[in-house]
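Here is a short report for a first look. It takes up one helix, then one histidine.

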Amino acid sequence: MANDCIFCRIIAGEIPSAGVWEDDCCYAFRDIAPQAKTHVVLVPRQHVRDIAEAGEALDDRLLAHMIRTAGKIARQEKLDGGFRVITNCGPDACQSVPHWHIHILGGEKLSEKMA
Ligand code: AMP
């Protein structure tokens with residue numbers, strides 16, 4: 001755990017969150033400033049800065065587990081019309097929390113533009 005990381009503190013329960021999924025490897029919660037009707041943030045419990053570091057540092061099984069879990073959360077949230085997953089990496093992508101996370105967005109028709 002990185003003490004100065006807001007998502008590590010959410011995972012530890014030090015900062016309240018509206019959890020939607022938890023298992024041994026990851027945790028997911030509702031985004032505090034949702035950008036779609038449904039907006040969930042999925043994070044690995046292990047602190048890695050971004051997807052680039054995740055690709056270097058995380059076990060292949062955990063990387064695959066994150067993708068599978070994103071799909072499970074979409075089903076659980078009944079995003080039957082489709083959904084979008086986004087992971088911002090670094091300043092050009094406006095990543096604001098340096099703990100890798102996958103945004104899961106849906107529940108309504110999303111913008112045709114991705115950026
Ligand atoms: P990003 O800008 O891609 O790094 O995404 C970080 C996301 O975390 C943003 O969508 C924020 O709204 C969200 N966020 C920040 N703090 C919290 C919090 N305490 N609880 C839930 N979501 C948060």
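## How the helix starts and ends

Asp59 caps the N-terminal end of helix α3. One of its side-chain oxygens lies 2.8 Å from the backbone nitrogen of Arg61. The model is a predicted one.

Just after α3 comes Lys78. Lys78 takes a positive phi of about 60 degrees.

## The length of α3

Helix α3 runs over residues 60-76 and has 17 residues. What span should α3 have at 1.5 Å a residue, and how far apart are its end C-alpha atoms? The expected span is 1.5 Å times one less than the number of residues, so α3 should span 24 Å. Its end C-alpha atoms are 24 Å apart, which agrees.

## The buried side of the helix

Which residues of α3 are buried? They are Leu62, Met66, Thr69, Ala70, Gly71, Ile73 and Ala74.

Strands help to cover these buried residues. Among them are β1 (19-22), β2 (26-30) and β3 (38-44). The cover also includes β4 (83-86) and β5.

## His103 in strand β5

Strand β5 spans residues 102-106, and His103 sits in this strand. Is His103 buried or exposed? Its relative accessible area is 12%, under the 20% cut-off, so His103 counts as buried.

The side chain of His103 makes polar contacts with two other histidine side chains. One is His39, at 2.8 Å. Another is His101, at 3.5 Å.

Leave aside the neighbours of His103 within four places in sequence. His103 is then in contact with Asp31, His39, Val40, Val41, Arg84, Val85, Ile86 and Asn88.

Conventions
Residues are numbered from 1 along each chain as its sequence is written. This is a predicted model: local features need pLDDT of at least 70, side-chain atom pairs count only at pLDDT 80 or more; totals for chains, interfaces and linings use all residues. Side-chain values use heavy atoms; hydrogens and water are left out. Helices (H or I, at least four residues) and strands (E, at least two) are DSSP runs, numbered from the N terminus. Buried means under 20% relative accessible area, exposed over 50%, partly exposed in between (1.4 Å probe, protein chains only). A polar contact is a pair of N or O atoms within 3.5 Å; within protein, one must be able to donate a hydrogen and the other to accept it, and residues adjacent in sequence count only if both atoms are side-chain atoms. Contact means heavy atoms within 4.5 Å.
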